Amino acid sequence: VTGASFVVFKGALEATSGFLAKSSIVEDGLLVQITPETMANLRQALRQKKDFKITCGRMEAGSIKEYVDICWVEGEERTNK
């Protein structure tokens, strides 16, 4: 679990890269590089306020995978406003 001040989704990862998606920590935030198709699916999920899971890592079977989960919650925190 990683806490971040911001998240950037970059939808320019090419399918020929060999990665499902890539995630990396930049400054005090998170950069998630995804394919244009995944970006379209993410946008649709955000519009519909549905949870969305991005699997990061190489496409090869058996490689270690990381996940970026976007989850909607019921309560609204009143911090940092």
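Here is a short chat about the side chains in this predicted model.

Residues are numbered from 1 along each chain as its sequence is written. Local features need pLDDT of at least 70 and side-chain atom pairs 80 or more, while totals for chains, interfaces and linings use all residues, and side-chain values use heavy atoms, without hydrogens or water.

Student: Which elements give two or more residues to the largest nonpolar core?
Tutor: A nonpolar core is a set of buried Ala, Val, Leu, Ile, Met, Phe, Trp, Tyr and Cys residues joined through side-chain atoms within 4.5 Å. Here the largest one has twelve residues, including A21, L30, M39, F52 and V68. Helices (H or I, at least four residues) and strands (E, at least two) are DSSP runs, numbered from the N terminus. The elements you want are β3 (29–33), α1 (36–47), β4 (52–58) and β5 (66–70).

Student: Is C56 buried or exposed?
Tutor: Buried means under 20% relative accessible area, exposed over 50%, and partly exposed in between (1.4 Å probe, protein chains only). C56 has a relative accessible area of 2%, so it counts as buried.

Student: How many disulfides does the structure hold?
Tutor: A disulfide needs a pair of cysteine sulfur atoms within 2.5 Å. The closest cysteine sulfur to that of C56 is in C71, 14 Å away, so they're too far apart for a bond. The number of disulfides is zero.

Student: Which ring does K53 lie over?
Tutor: A charge sits over a ring if NZ of Lys or CZ of Arg is within 6 Å of the ring centre and within 35 degrees of the ring normal. K53 is at 4.3 Å from the ring centre, over the face of Y67.
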